[in-house]
Amino acid sequence: MARKRIDHDRLFKELLSTFFEEFLLLFFPDVYEHIDVHHLSFLSEELFTDVTAGEKHRVDLLVETKVKGEDGLVIVHVEHQSYTQRTFPERMFLYFSRLFQKYRRRILPIAIFSYDEQYDEPSSLVMQFPFLTVLDFRFLTVELRKLPWRAYIRHANPVAAALLSKMGYNEDEKVEVKKEFLRMLVRLELDEAKQRLLFGFFETYLRLSEEEEAKLRNEVSQMETKEAKRVMELIVSYEQRGMEKGIQKGIELGIKQGMKQGMKQGRQQGIEEGKLDVVKRMLAKGYDVDTIHELTGLPVETIEKVKQ
């Protein structure tokens, strides 16, 4: 079965548009200091056609705002790049020139690179002759893979929490990275919608194996008691959501079968199949029988049978 393609640009746009102020504060504090964050307006997407290459490109994020103490509006353009591209500075300049042509305002261009390769990204496009520099176009950059993730775990910043999943960790550190992400999520105390956004973003890019999840729970249990309890509650709450999805999938399967055998019987069968599938996954992740019984409502005897 083919893996579902990840829409990286959509994920980053959702994260950065939800936490735009936090993004600037985290990576560009000087910009944040000058931008009037009380006057932020997200502009509609711009679609540009590259006639020469025959390609269409959509600008990721445009924010209209003000510089403190100044009249008039400026535009912040944030472009996310999930793969290496030799001509990327040229593309940034083309976006800049076309945006300026349309809005006739000062534009601050920012690029955020999220690919896994180690590559020195240029942050300018220069066109010159021995006797004249015609163009010296520059833009701000964030190269996530080069960032040391441990340097960001003390930030009370939701963008830092989500982007730990794309920073410079190695495979042996994955469990620790997720543990620190969960600790950050607990400390942030966000509403459920924002919390789910961060969790979904993180899990898209850093997903642990069942063995690693068991190691994570073991490390959490050894943390300071109060914090460990809150982090474990967070883990269980998302396990439950996964469990509910499994049950719903089982219900849908059962309903399809039940169209032949009777809707009521099919629904019940689907519920049971969904629960048993969840039990198998929870057992594989190291949950004990009593915890599974409490979360699913299934008899201990049934869970023991699945365990055998």
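Buried means under 20% relative accessible area, exposed means over 50%, and partly exposed lies in between. The model is predicted.

Q: Is Arg105 buried, partly exposed or exposed?
A: Arg105 sits in the loop between helix H4 (88-103) and strand E6 (106-113). Its relative accessibility is 26%. Buried requires under 20% and exposed requires over 50%, so Arg105 counts as partly exposed.

Q: How far apart in space are Arg105 and Glu64, C-alpha to C-alpha?
A: Leaving out residues up to four places away in sequence, Arg105 touches Glu64, Leu73 and Phe100. Arg105 and Glu64 are 41 residues apart in sequence. Their C-alpha to C-alpha distance in space is 9.8 Å.

Q: Which helix gives the most to the largest nonpolar core?
A: This core has 68 residues, and among the members that touch the most others are Phe23, Phe27 and Phe181. Eight of the core residues come from one helix, spanning residues 174-188. That helix is H6.

Q: Which residues does Phe27 contact, leaving aside its neighbours within four places in sequence?
A: Phe27 is one of the residues that touch the most other members of the largest nonpolar core. With those sequence neighbours set aside, its contacts are Val142, Leu144, Leu147, Tyr152, Val159 and Leu163.

Q: What does helix H7 reach from its first C-alpha to its last?
A: H7 covers residues 192-205, which is 14 residues. At its start, a side-chain oxygen of Asp191 comes to within 3.1 Å of the backbone nitrogen of Ala193. At 1.5 Å a residue the expected span is 20 Å, and the helix is close to that, reaching 20 Å.

Conventions. Residues numbered from 1 in each chain as written. Predicted model: local features only at pLDDT ≥ 70, side-chain atom pairs only at ≥ 80, totals over all residues. Heavy atoms only, no water. Core = buried A, V, L, I, M, F, W, Y, C linked by side-chain atoms within 4.5 Å. Buried < 20%, exposed > 50% of the residue type's maximum accessible area, 1.4 Å probe, protein only. Helix = DSSP H or I, 4+ residues; strand = E, 2+ residues; numbered from the N terminus. Contact = heavy atoms within 4.5 Å. Expected span 1.5 Å × (residues − 1). Polar contact = N/O pair within 3.5 Å; in protein donor to acceptor, adjacent residues only side chain to side chain.
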